[in-house]
Amino acid sequence: HHLKMQQRRPTVQVKMRNVINGKVLERNFAQSDVFEEADIERTKVKFLYNHKEQYWFVYEKEPSKRFLLTEELIGEATKFLKPNTILDAIEYNGKITNIELPVKMEFKVVEAPPAIRGDTAQGGVKQVKIETGAHINAPLFINQDDIIRINTETGEYVERVEKRFVPTPIGGAVNDFLVKNFSNIDDIPFTAQMEDELDNIAHGK
């Protein structure tokens, strides 16, 4: 944003990230200032695993070449790193300085508290835990073992990709009754499709 200082020309306040050590700095520059563009290249790499605060990767085309980046350098992106993910590595002067995740990624929900009827205190959302250990806000209908899509830039829930079929106690009893007495009309795929359609209706789709 612009800052107008008394008897001085307007300046622009800028946040900059050091591509070598990841540190963020704030500086003021005149609008007429010119800078040389950094020579940055991108290459595809695969995330392997992390141990303590070290994150190990390999080049996609050269799997024998490994390198590590620290948690301090990668920052918030570590919350969404899962093994075997292919992503972009940022290379500066022949050295890998950081990584860029795909904007949208899919994760399995490993923990999700049950939704409580009428629970709107948090705007109709609850905190769930995904397979990487990160916690995010998700709609109340999200259950454990669902697959959800997340925006890795904002850390926000985008949509449910796949859900686990979890019948209610009454639904389970009805299903058992149908299987026992009317097995020829108990169409489970149809039931699952109907549940999806009702979900879409509930969310205005």
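Biologist: To start, what is the relative accessible area of K79?

Modeller: It's 34%, and K79 is partly exposed. The scale goes like this: buried means under 20% relative accessible area, exposed over 50%, and partly exposed in between, with a 1.4 Å probe and protein chains only. Before we go on, this is a predicted model, where local features need pLDDT of at least 70 and side-chain atom pairs count only at pLDDT 80 or more, while totals for chains, interfaces and linings use all residues. Residues are numbered from 1 along each chain as its sequence is written, and side-chain values use heavy atoms, leaving out hydrogens and water.

Biologist: Which side chain does K79 meet in a salt bridge?

Modeller: The rule is a side-chain nitrogen of Lys or Arg within 4 Å of a carboxyl oxygen of Asp or Glu. Here K79 meets E76, at 3.1 Å from N to O. E76 is exposed, at 59%.

Biologist: How many salt bridges does the structure hold?

Modeller: There are 10. One of them joins K82 and E131, with the closest N and O atoms 3.8 Å apart. K82 lies in the loop between α1 and β7 and E131 in the loop between β10 and β11, so this pair ties together parts that are 49 residues apart in sequence. E131 is partly exposed, at 41%. By the way, those labels are DSSP runs numbered from the N terminus: helices are H or I with at least four residues, strands are E with at least two.

Biologist: Is D146 buried or exposed?

Modeller: Buried, at 0% relative accessibility. Its salt-bridge partner R160 sits 3.4 Å away, N to O. The pair links distant parts of the chain, with R160 in strand β13 (residues 156-162) and D146 in the loop between β11 and β12 (147-151), 14 residues apart. R160 is buried too, at 18%. Elsewhere, salt bridges that share partners join E106, R149 and E159 into one network.

Biologist: On to strands. Which side chains of β10 point to the buried face?

Modeller: As a general idea, side chains in a regular strand alternate between the two faces of the sheet. In β10 (residues 125-130), K126, V128 and I130 point to one face and are buried. V125, Q127 and K129 point to the other face and are not buried.

Biologist: In what sense do β9 and β10 pair?

Modeller: Antiparallel. Two strands count as a pair if DSSP finds at least two bridges between them. Strand β9 (residues 104-111) and β10 have 2 bridges, and E111 has K129 in β10 as its bridge partner. β10 also pairs with β11 (residues 135-139), again antiparallel, over 5 bridges. There V128 is matched with I136.

Biologist: Which residue takes a positive phi in the hairpin of β10 and β11?

Modeller: G133, with phi near 100°, in a hairpin that has 4 residues between the strands. Stay with β11 for a moment: A138 is found in that strand and is buried, at 1% relative accessible area. A138 and V128 are 10 residues apart in sequence, and their C-alpha atoms are 6.6 Å apart in space.

Biologist: How many residues lie between the strands in the hairpin of β4 and β5?

Modeller: 2, and K52 takes a positive phi near 60° there. β4 and β5 (residues 54-59) pair in the antiparallel sense over 6 bridges, with K46 facing V58 as bridge partner. On its other pairing, V58 has R66 in β6 as partner. β5 and β6 (residues 66-70) pair antiparallel over 5 bridges, and their hairpin has 6 residues between the strands.

Biologist: What phi does N84 have?

Modeller: Near 75°, a positive value in a residue other than glycine. N84 sits in the loop between α1 (71-74) and β7 (86-92) and counts as exposed, at 51%. N93 has a positive phi too, about 55°, and is not a glycine. N93 is in the loop between β7 and β8 (95-100), and is exposed at 64%.

Biologist: Last one: how far apart are the C-alpha atoms of L101 and T152?

Modeller: 7.0 Å, with their positions 51 residues apart along the chain. L101 is in the loop between β8 and β9, and this loop residue is buried, at 14%.
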